[in-house]
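Let us walk through this model step by step, beginning with one helix and its length, and moving on to packing, burial and the chain as a whole.

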Amino acid sequence: MAEAGQRGLARLLGGFGAASSAAAWLLLAAYVFPLVYGVLLYRPGLRLPFSLSWAVAWTLLQAAVSAGLSVAAGWPLGVLAGFYGSRAARAAVLLSLAPFMSPVVVVALGFRAAYLDTPLSFLARGWSGVVALHSYYNIGLAAVLTAAAAGEAEAGIVEAARLNGLRGPRLWFRVLLPLTSRAAVHAWVLAFLYSATSAAPLLVEGAAYRYYTLEAWLYTLYTGFPELMGSVMLLAVGEVAAAGLLGLLYSRLSPGSRGAAPVALRGSALIPLRGWWRLPALAYTLAVIVYLYAPIAGVAVNAVGASLGELERFAARGPGLAGAVANSILYASVTAAAALPLGLAAAVRAGLGAASLSAVAVAPVAYGVAATLVYYDRLAPILGARAASMLLILLAHQAAALPLASRSLEAGVRRIPGEALDHMALLGLRGGRLLPHLAAMLRGHAAAAAGLAAAASLGEFGATIVVSVPETWSLTVLVYQMMGSGRLFHEACLAALMLEAFSASSLAVAAAALTRLPRGGAAG
């Protein structure tokens with residue numbers, strides 16, 4: 001529905017909408033405050049243990065290359081899924097969502113398990129390992145966005161091109177790729193943003209310091225150079241501000257890319273896939289899926305040799321294995337529950353600015369450092385270490401989840417027919433009385449939002465490892481701690497496999513909800 005319809009729904013929601021909006025703004029303030037206050041609280045150090053110019057240059061260079069490789073691998077898959085009657089390609093786009101949302105520790109560990117002692121070891125070490133890890137994550141993103149653009153393209157353009165005799169490469173380069181080029185650019189920008197502010201893959205992989213991004217250096221400075229806290233805060237604010245500006249620019253320039261995933265999962269089947277083209281199309285599709293799932297398979301294979309006793313003994317340094325599992329489920333459940341009302345407020349109020357939370361989502365270490373220095377040291381004596389740590393973890397997880405949840409709910413809000421809103425207004429359905437009816441119309445999108453929010457929570461790494469204490473370890477932190485110990489590789493794979501199972505279950509809920517949505521009309 002149009003923005004006018006969104007404003008109309010905001011008026012119908014009344015006090016509930018206003019309260020949700022206020023909560024979202026307060027949430028945003030909770031993220032911004034420690035960054036600003038931390039700069040005032042600490043004096044910058046005189047010298048950094050690394051070249052800032054090199055760190056910034058490498059961060060930007062690897063992000064640009066990684067984003068380019070992601071688009072190069074995912075764009076053709078999106079075209080096949082969106083334009084052609086290829087069930088394999090559409091299934092591949094759906095399957096590509098799982099690696100995109102997989103917990104960082106699982107993928108980074110999987111690259112080591114799958115490639116380190118093989119002729120493809122360059123994928124798990126050195127500068128090529130950094131680029132491989134970052135590009136891997138965003139292949140699914142590029143495939144989904146370009147498939148969505150293909151599914152929404154004007155059918156007449158493609159049909160006219162085919163009637164004029166365009167086939168094969170000529171059809172791709174003259175029509176299909178141009179029709180999806182804007183989505184490919186959007187995918188590149190997002191992939192660049194994610195890769196430029198990434199730290200977790202490098203920390204888990206054990207990359208050399210010279211290949212650290214600025215975000216990875218923030219964590220290193222925080223843990224190893226307490227005398228440089230002022231410099232850490234200054235760098236954190238600079239990184240979040242840059243990420244926020246780029247994220248805001250993206251959201252302003254790409255409104256059409258929001259909420260398009262349901263289309264991407266089904267395609268339009270405008271072009272039949274016939275003749276010898278079937279073989280290379282199928283080969284390419286299978287190659288992408290094999291590459292995306294090889295790290296997860298590597299984790300599964302290495303988990304077979306794990307000792308459950310050794311895993312439980314190591315986990316006893318924190319909350320224990322059962323406690324880590326319980327913490328992960330708790331964080332995911334609370335995050336998903338809170339993301340629904342906050343995401344709905346963001347979906348119906350165009351001026352809410354929830355997209356700015358993406359700045360925190362893509363620069364989590366910066367937020368985690370700031371929150372620990374400013375919040376934790378003050379809250380722990382009052383609430384206790386465990387409660388203070390859990391609160392900061394949930395704040396960080398909501399930052400990762402809310403942008404995804406709000407986009408899914410916004411897609412549902414835009415699908416509500418204007419007549420339905422008018423009818424509800426005539427019946428006097430406002431505020432709390434409107435919510436049951438709204439929930440019925442948005443149930444598919446709400447289920448998808450909850451699934452995506454839970455998966456984002458399970459996979460959040462950067463802020464969680466900074467603000468966690470032993471009692472609040474999740475499976476994510478447990479895997480990282482085992483990797484940091486330099487031993488128990490198989491046991492770390494077993495814990496990572498558990499984490500992947502929870503994440504895949506959450507994504508399965510989201511995918512099932514998305515694939516059952518109608519093509520038009522009211523959601524539900």
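How far apart should the ends of helix α3 (residues 52-83) be, at 1.5 Å a residue? In this predicted model, the 32 residues of α3 should span 46 Å, and because the end C-alpha atoms lie 45 Å apart, expectation and model agree. Helix α3 nevertheless bends by about 30° at Gly74, with a proline, Pro76, following within four residues.

A second view comes from packing. Two packed helices are described by the angle between their axes and the distance between those axes. For helix α5 (residues 104-115) and helix α23 (residues 475-484), the angle is about 35° and the axes are 10 Å apart. On the α5 side the contact involves Val105, Leu109 and Arg112, which meet Thr476, Val479 and Met483 of α23; sorted by class, the residues of this contact are four nonpolar, one polar and one charged. An α-helix has 3.6 residues a turn, so residues three or four places apart point the same way.

Burial can be followed at a single residue, Ser328, which sits in helix α15 (residues 321-348). Ser328 has a relative accessibility of 4%, and because buried means under 20%, Ser328 counts as buried. Apart from neighbours within four places in sequence, Ser328 is in contact with Leu458, Ser474 and Leu475.

Turning to the chain as a whole, there are 24 helices and zero strands, and buried residues make up 56% of the 524 residues. Of the contacts with a separation of 6 or more, 85% are between residues 24 or more positions apart. The accessible surface comes to about 20,800 Å², with 67% of that area belonging to carbon and sulfur atoms.

Definitions and conventions:
Residues numbered from 1 in each chain as written. Predicted model: local features only at pLDDT ≥ 70, side-chain atom pairs only at ≥ 80, totals over all residues. Heavy atoms only, no water. Axes fitted to C-alpha atoms, helices over the stretch in contact; angles between N-to-C directions. Helix = DSSP H or I, 4+ residues; strand = E, 2+ residues; numbered from the N terminus. Contact = heavy atoms within 4.5 Å. Nonpolar A, V, L, I, M, F, W, Y, C, P; charged D, E, K, R; others polar. Expected span 1.5 Å × (residues − 1). Bend = angle between axes of the 7 residues up to and from the residue. Buried < 20%, exposed > 50% of the residue type's maximum accessible area, 1.4 Å probe, protein only. Areas by Shrake-Rupley, 256 points an atom, 1.4 Å probe, with all protein chains shown as cover.
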